[in-house]
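Here is a note for a colleague who is meeting this structure for the first time. Please read the points in order, with the model open alongside.

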Amino acid sequence: MRERDKDKNRKETMHALAMILQIGLSIMVCMGMSLAIGYYIDRLFVTKMWVPIMMIVGILAAIRSMLVLTGHYKPGSSSGNRMGNEKGQKDEDGKDDAD
């Protein structure tokens, strides 16, 4: 293999490992924070219903975070416009979308 191919392969491998690490950490943070909030609310009001509710919220937040990180879901995009620019907003070049 040529040196350039080895460098490109190494960069792609590091990028993949960084993506896996980022997805794992975001899932753990979403789940951990929501469970901690549910536990705190349960202790505060002496109930037992908030941990399961917040666990479901944490799972949904983790799924959304994973979809955003992988690029399957773009926050702020409308259903008819995949780029996220709505009518009247400017794109990267500073031109109006309506032009």
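**Notes on the model**

1. Isoleucine 27 touches Ala62 and Met66, where residues up to four places away in sequence are not counted and contact means heavy atoms within 4.5 Å. Isoleucine 27 lies in helix 1, and its C-alpha is 7.3 Å from that of serine 65, although the two are 38 residues apart in sequence. At 29% relative accessibility, isoleucine 27 counts as partly exposed; the scale calls a residue buried under 20% relative accessible area, exposed over 50% and partly exposed in between, with a 1.4 Å probe and protein chains only.

2. A word on the basis of these remarks: this is a predicted model, in which local features need pLDDT of at least 70 and side-chain atom pairs count only at pLDDT 80 or more, while totals for chains, interfaces and linings use all residues. Residues are numbered from 1 along each chain as its sequence is written, and side-chain values use heavy atoms, with hydrogens and water left out.

3. The secondary structure of the protein chain comes to 2 helices and 0 strands, where helices (H or I, at least four residues) and strands (E, at least two) are DSSP runs numbered from the N terminus. Of the 99 residues in the chain, 12% are buried. Among contacts between residues at least 6 apart in sequence, 35% join residues at least 24 apart.

4. Helix 1 has 43 residues, which at 1.5 Å a residue should span 63 Å, and its end C-alpha atoms are indeed 63 Å apart; the expected span is 1.5 Å times one less than the number of residues. Its buried residues are Ile23, Ser26, Cys30, Ser34, Gly38, Ile41 and Asp42, and what covers them includes helix 2. Tyrosine 40 also has its place in helix 1, but at 55% relative accessibility it counts as exposed.

5. What lies between the two helices, and how does its backbone behave? Valine 46 lies in the loop between helix 1 and helix 2, just after helix 1, and its phi is near 50°, a positive value in a residue other than glycine. Valine 46 is exposed, with a relative accessible area of 73%. Tyrosine 40 and tryptophan 50, which are 10 residues apart in sequence, have C-alpha atoms 8.8 Å apart.

6. Helix 2 covers residues 50-70, and the 30 Å between its end C-alpha atoms agrees with the 30 Å expected for 21 residues. The buried residues of helix 2 are Met54, Gly58, Ala62 and Ser65. Seen down the axis, these buried residues fall within an arc of 85°, so they line one face of the helix; the arc is that of the directions from the helix axis to the C-beta atoms. Ile56 and Leu60, on the other side of helix 2, are exposed. Helix 2 is followed by glycine 71, whose phi is positive, near 90°.

7. Against which element do the buried residues of helix 2 pack? They pack against helix 1, residues 3-45. The axes of helix 1 and helix 2 come within 8 Å and cross at roughly 160°, which makes helix 1 roughly antiparallel to helix 2. Here axes are lines fitted to C-alpha atoms, for helices over the stretch in contact, with angles running from 0 to 180 degrees between N-to-C directions; angles under 35 degrees count as roughly parallel, over 145 as roughly antiparallel, 65 to 115 as roughly perpendicular and the rest as oblique.
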